[in-house]
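Open the model in your viewer and keep the sequence panel beside it. We will go from one selection to the next, with a short note at each stop.

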Amino acid sequence: MTIICFGPGPKFKGGISNYNTSLAKALDRRGDCDVHIVSWTQQYPAIVPREFVDKTSKVDLLEGTDIKVHYLTNYNNPLSWQETYRRIVDLKPDKVVFQWAIAIQGLPMGYIARKLKRHPEIEVVFDLHFVIQKENSTLDRRFTRYGISPADTFIAHAYKTVDELRELFPKRALSVNEAGTREQGTTTVIKLYHPIYELFAPRADFDVAAFKEKHGLREHVFLFFGFIRKYKGLHNAIKAFAKLAKQRDDVSLIICGESFWDTLKADKFTTKLKNATFGLAKKLFLSKADDERAYRPLDLLETLGIRDRVMVKNEFVANEEVHKYFQASDAVVLFYSYATPSGVESISYNFQLPAVATRVGHFPETIKDGYNGYLAKPDDTDDMARQMARMIDSPIPRENIRETTKEMSWDNYAAALVQGCLPAARYNAASGSGRTKLPPAAE
């Protein structure tokens, strides 16, 4: 079986690149799949003022695999969309799995997926990291509907996403299962989970005590990890930690991650031009959107007088360095204002770290309060501080984390993706002679 994982390749930063790479590796491990990553060369409009390429990591995440990577798709060049489609068809895949994580990519992905619908022997799968985006603008919905509607099969990581899918396509017949069985006559939604990242794992030779001493970390350490975005609630995490730090002197906070909109040199003419153009575009098309380029939560450390209690690494962390921050911590802090399945949560499970999270999005599905983590009321920093204190006073046994996540492997995920047949209409067309051109996907 030949499977194509369409999404950012391993040269890019961020969770979707890690996710696409992990899925490809899980399929490659099976031994019965010829796996290709078909990647972007540029994922977003050229006006977006951000650096997306990982220029820090040195480890080759695909070392030891037979995975082939093709960097082809430039968001800003529609000719590359056509080239991508042709290259995919030349590879003769059985399945193409699109990583869907942001509405703006709907134009190129929708174009490619619609072209692939002309080939009924190919199953078009959309792996959904969200459906209803946080801005929830009319434009976002249009991009999303155009982008994902050609799917033969959807994968969702939470039932909340399934509900959003039904909301977006109210007239579309969807059948939901957790085994990977394709239902004939409907669009199958495979409800799975965000698998546990194996790209990042504890190292037995890492000296945790020495690391904590070097960085002035106290007995109980909480970790905020990942890109600094407003919806992830770092401002609330800092405020809650400040309340906790007033109550006890044995706690520390690690803030480890790159400010999402602060990756280019601000004084360069091209950066200024991109910022101006991007800001105008947001005002025109996303009138309700919060321009988070002015988001500066780290300023709170000085304002609240806790700078000496917090370790800050405000930069992108190389893949080979990630383990240090999780091994030095006792719990991750996920005080999101809204949430789709979190890559940081997934990383933490591979280190058997519990989470303190808000009762939003999918977190109540994955975190059982008092068993594998603690849940706080959203936007209530007093309650967040209480839950952090609970984590110290009633620590979560690591065995509970192992028990919660034992079925959430990439291998199980890959098995659900691989198994099953095409939906009836596509399957019948594929079994006939020639390549039948099908009508546009129902919306």
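The tour below visits two sheets, the helices on them and a cavity.

**Before you start.** This is a predicted model, in which local features need pLDDT of at least 70 and side-chain atom pairs count only at pLDDT 80 or more, while totals for chains, interfaces and linings use all residues. Residues are numbered from 1 along each chain as its sequence is written, and side-chain values use heavy atoms, with hydrogens and water left out. Helices (H or I, at least four residues) and strands (E, at least two) are DSSP runs, numbered from the N terminus.

**Stop 1: the sheet of 8 strands.** Colour the strands in the order β3-β2-β1-β4-β5-β6-β8-β7, and you have an open sheet with parallel pairing. Two strands pair if DSSP finds at least two bridges between them. At the edges are β3 (68-74) and β7 (174-177), each pairing on one side only. From one strand to the next, the twist averages 25 degrees.

Now select β4 (residues 95-100) and β5 (residues 123-128): these strands run parallel and are joined by 6 bridges. Look for V97, which stands opposite V125 in β5.

**Stop 2: helices on this sheet.** Add helix α3 (residues 106-116), which lies across β1 (2-6), β2 (34-42), β3, β4 and β5 and runs at about 165 degrees to β4. Angles run from 0 to 180 degrees between N-to-C directions, and axes are lines fitted to C-alpha atoms, for helices over the stretch in contact. Contact means heavy atoms within 4.5 Å. Next show α4, lying across β4, β5 and β6 (153-156) at about 170 degrees to β4.

Keep α4 (residues 138-148) and add α5 (residues 159-168): their axes come within 11 Å and cross at roughly 95 degrees. The two helices are therefore roughly perpendicular (65 to 115 degrees) to each other. R141, T144, R145 and I148 of α4 meet L165, E167 and L168 of α5 in this contact.

**Stop 3: the sheet of 6 strands.** Move on to the open sheet with the order β11-β10-β9-β12-β13-β14, again with parallel pairing. Its edges are β11 (310-313) and β14 (373-376); each has a single partner strand, so one side of each lacks a neighbour in the sheet. Neighbouring strands here are turned by 20 degrees against each other on average, direction ignored.

Pick out β12 (residues 331-334) and β13 (residues 355-358), a parallel pair joined by 3 bridges. Here V332 stands opposite A355 in β13.

Helix α13 (residues 381-393) lies across β9, β10, β12, β13 and β14, at about 165 degrees to β14.

**Stop 4: a cavity.** Searching the whole structure finds 2 cavities of 30 Å³ or more. A cavity is a set of points, on a 1 Å grid over the protein atoms alone, where a 1.4 Å probe fits but cannot get out; lining residues have an atom within 4 Å of a point. A volume is the space filled by probe spheres set on the points, which are joined across faces, edges and corners. The second largest cavity has a volume of about 50 Å³. To see its lining, select P10, F12, K13, G14, S17, N18, D54, L61, F316 and N319.

How values were computed: On a 1 Å grid over the protein atoms alone, a cavity is a set of points where a 1.4 Å probe fits but cannot get out, and a pocket is an open set with protein on both sides within 12 Å along at least five of seven lines; lining residues have an atom within 4 Å of a point. Angles under 35 degrees count as roughly parallel, over 145 as roughly antiparallel, 65 to 115 as roughly perpendicular and the rest as oblique.
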